[in-house]
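Here is a protein chain with its ligands, set out for a round of questions and answers. Look it over first, then work through the contacts.

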Amino acid sequence: MNDIAPSTPDKASWQVRGACPHDCPDTCSLITTVQNGIAIKVQGNPAHPHTDGALCTKVSRYTERTYHPERILHPLKRVGPKGSGQFEPVSWEQALNDIATRLSAIAARGPDAAQAILPYSYAGTMGLVQGEGMAGRFFHQLGASLLDRTICASAGGEALTQTLGAKVGMQVEYFSEARLILIWGSNSIASNLHFWRLAQQAKRNGAKLICIDPRRSETAEKCHEHIALLPGTDAALALSLMHELITHDWLDHDYLRRYTLGWPELRERALQWRPERAAEVCGISPEQIRALARDYGACQQSGEPAAIRMNYGLQRVHGGGNAVRAIASLPALIGAWRHRAGGVLLSSSGMYPIDRTALQRPDLLGSRRPRTLNMSTIGDDLLRPASPAFGPAIEALVVYNSNPVAVAPESGKVVQGFLRDDLFTVVLEHFQTDTADHADYILPATTQLEHWDIHASYGHTDVLLNRPAIAPLGEARTNTDIFRALARCMGFTDPCFDESDESLCRKAFGPAIDFNELLAQGFSTLQHAQAPFAHGGFPTPSGRCEFFSARLVAQGQDGLPDHIPNHEPAGSSKRYSLAMISPPARNFLNSSFVNVKSLRDIEGQPLLEMHADDALARDIMAGGMVRVFNSRGEYRCRVEVSTRARPGVVNALGIWWRKLGFDGHNVNELTSQRLTDMGRGPTFYDCLVQVEACESLPF
Ligand SMILES: Nc1nc2c(c(=O)[nH]1)N[C@H]1C(S)=C(S)[C@@H](COP(=O)(O)OP(=O)(O)OC[C@H]3O[C@@H](n4cnc5c(=O)[nH]c(N)nc54)[C@H](O)[C@@H]3O)O[C@H]1N2
Ligand SMILES: Nc1nc2c(c(=O)[nH]1)N[C@H]1C(S)=C(S)[C@@H](COP(=O)(O)OP(=O)(O)OC[C@H]3O[C@@H](n4cnc5c(=O)[nH]c(N)nc54)[C@H](O)[C@@H]3O)O[C@H]1N2
Ligand SMILES: [Mo]
């Protein structure tokens, strides 16, 4: 490859190595072909083993997103009423000065006054530099409220930490050698495509694949078996599997004795979960549980590796943390960790030595200790008045790398909050999203093709470097540059606000990686033991797999995993008799790409999958328009009577932009702001609704 850094611009065509920035476990290595300064093609890097030259449909259309006619290319100032989406272009100077003046005025009111300012960001880019690299410094210096970034993975993350010690697990490449793979709460074909390739290899070598998911997803239909349990019942299933492993003595007693903590207690708990009891809770048959236990136990008996690929789908319910704890405990029962192709993987993000302190500089807070607000309850928090418990009302919001008006739960309240006339809102974006519609200023941000960044992954263990392939479009600026400029306008003088992006990239992992290797090949592989817990050595306080967690007890919680029913359990309400989940659509990434026409065309229209029995009971015609509603709100979409849905559960594929749907709403009108048992996470898939046929709307 004639890999050319921007330093040789005289050539007409060159290729640049980068990294996919999206919130996805695959973190692919990219090759962008640039001709006369224009990116004409984005491909998967064949030299990077995980990427293997292949990209998902979304990112292979990256140039369509980058050169989209609706890219925001100039700073925009609101001219119409709040939320009207009416803006006029202004100069950078005017925008930055005005924003700095507004923020400074709030901060100047008193020692803790800056807490009325809230940053709101998530993983629009997973880059460590364009993520919180400079933004963290800016908000720390300012003394703004801190944001608890819980919207995706915090229940599962906390649960893994309590059980295994950190977000660690199997190395993904060895899944190809497993004999049995449980794909648990994951539609891998949609959301973890490069793992699916490994699962296919295992399948070709004779492995059995079992999918555990309420939805008959693209992945479920390609596995040997599919267990369509009710949402939020995974802990009951896992405990009942343990029951069967115990009663048949399919246990690795040596592993349990040497490398686990709390086995006698967990054993007692699990023995309360006979398959009949769990089957009732999970809405499946006892025989399905027994069969699953037989498959899992058989690996213990034969000494062959059993692997579990969990994903975050199953932790978006009240008991999500406990469910992850129960499932993460399973491999230790059968000693699966002894094999490099055995164990469990939910996230590998804890396997990186990232120096976040150097990037985000929490020391700039000095002695100030601002409050922390939970991003999952932004709806309520924007509507909260000042009080001694809450502190000042939120007066200014700076949103970057996120689209909360579309993705946060209970959007009725989120929208109401964003519509507040006394709220000053700045949004750094590529597009005029539902959130940007509610801004006072929209600032044009660069895309991954236009900036430097460095990436860890949560699905493999390589570090990737992203070099800019093209110059920023229009007047777009990098997130980092926008925060540098704002810092200058605010009079922040710390030299850290002058640091370049390339220097930040070098700082992210410090000496733990060879930066020259990254520059030369675009990725660098961290060295880890192939079977990290073959001999224990878990990063828990005890060094063991902690079935029982004293840390949880200290927090007033149950020390052992248990089944915690949903806030809104299936079957508990006559009025709202359907459980709704809203998993990712394959051709969108959360709310990103919804505005890319070729991808939206593949997804068609906002859709609700419903089982034929549920449709019949409601006189709902296949393909008709339905109103989906509960006490929090309603939205309209097309219904697909489909075997993808099990009885009693409807699947609303997410996450459409509100303004691109039928009625200006999306699925998050219905979801609640109630939180998970651990990690203060949202409970998107713990949501009861009713559905009825309604009149057609134009699309
Ligand atoms: N194409 C695409 N890829 C993505 C994303 C996307 O939006 N689109 N999102 C990205 C993000 S942000 C993340 S966090 C990751 C992981 O994102 P996840 O949301 O975990 O992604 P999936 O694996 O697609 O979906 C989870 C699966 O869990 C199932 N599920 C729902 N409730 C339950 C339950 O109670 N129990 C069980 N066992 N299963 C349940 C759903 O039906 C779905 O098939 O994927 C990333 N990758
Ligand atoms: N109902 C329901 N709701 C959900 C989920 C669900 O499964 N069901 N999933 C939840 C999950 S797992 C997650 S992670 C969240 C995701 O929620 P978000 O993190 O908000 O993700 P996106 O919707 O992809 O929005 C990211 C935005 O960042 C912008 N962006 C990307 N790169 C850059 C950049 O370099 N600079 C700037 N300034 N902007 C950039 C994109 O244009 C995009 O509009 O949604 C959650 N919401
Ligand atoms: Mo996520």
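Q: Which residue has a polar backbone atom 2.7 Å from an oxygen atom of ligand 1?
A: This is a predicted model, so the distances are computed from its atoms. The cut-off for a polar contact is 3.5 Å between N or O atoms. An oxygen atom of ligand 1 meets that limit at 2.7 Å, and the polar backbone atom belongs to N187.

Q: Which residue has a side-chain N or O atom 2.7 Å from a nitrogen atom of ligand 1?
A: Ligand 1 has 34 residues around it, with N187, D213, D234, R316 and F588 nearest. A backbone contact is also there: a polar backbone atom of G185 lies 3.3 Å from an oxygen atom of ligand 1. For the nitrogen atom, the side-chain partner at 2.7 Å is D234. The protein buries 99% of the 890 Å² that ligand 1 exposes when taken alone. The residue asked for is D234.

Q: How many residues of the shell around ligand 1 are nonpolar?
A: The shell splits into three classes. Eight residues are polar and seven are charged. The nonpolar count is 19.

Q: How far is the polar side-chain atom of E429 from an oxygen atom of ligand 2?
A: E429 is among the closest residues to ligand 2, along with S402, S591, S592 and Y685. The side chain of S402 places an N or O atom 2.8 Å from an oxygen atom of ligand 2. For E429, the distance is 2.5 Å.

Q: What share of the accessible area of ligand 2 does the protein cover?
A: A nitrogen atom of ligand 2 sits 2.9 Å from a polar backbone atom of V407. On its own, ligand 2 has 920 Å² of accessible area. The protein covers 97%.

Q: Which domains each give at least three residues to the shell around ligand 2?
A: That shell holds twelve nonpolar, 15 polar and four charged residues. One contributing domain spans 76-152 + 355-465 + 472-525, and another spans 578-693. They are domain 2 and domain 4.

Q: Why does the radius of gyration of the chain agree with a compact globule?
A: The C-alpha atoms fill a box of roughly 70 × 60 × 55 Å along the principal axes. A compact globule of 699 residues would have a radius of gyration near 27 Å. The chain agrees with that because its value is 25 Å.

Q: What percentage of the residues of the chain count as buried?
A: The chain has 23 helices and 27 strands. Buried means under 20% relative accessible area. Of the 699 residues, the share that meets this is 64%.

Technical notes: Residues are numbered from 1 along each chain as its sequence is written. Chains are lettered from A and ligands numbered from 1 in the order in which they are written. This is a predicted model: local features need pLDDT of at least 70, side-chain atom pairs count only at pLDDT 80 or more; totals for chains, interfaces and linings use all residues. Side-chain values use heavy atoms; hydrogens and water are left out. A residue is near a molecule or strand if one of its heavy atoms lies within 4 Å of it. A polar contact is a pair of N or O atoms within 3.5 Å; within protein, one must be able to donate a hydrogen and the other to accept it, and residues adjacent in sequence count only if both atoms are side-chain atoms. Accessible areas come from the Shrake-Rupley method with a 1.4 Å probe; for residues, only the protein chains shown count as cover. Ala, Val, Leu, Ile, Met, Phe, Trp, Tyr, Cys and Pro count as nonpolar, Asp, Glu, Lys and Arg as charged, and the others, Gly among them, as polar. Domain bounds come from an automatic or database domain assignment. Helices (H or I, at least four residues) and strands (E, at least two) are DSSP runs, numbered from the N terminus. The radius of gyration is taken over C-alpha atoms; the globule rule is 2.2 Å times the number of residues to the power 0.38. Buried means under 20% relative accessible area, exposed over 50%, partly exposed in between (1.4 Å probe, protein chains only).
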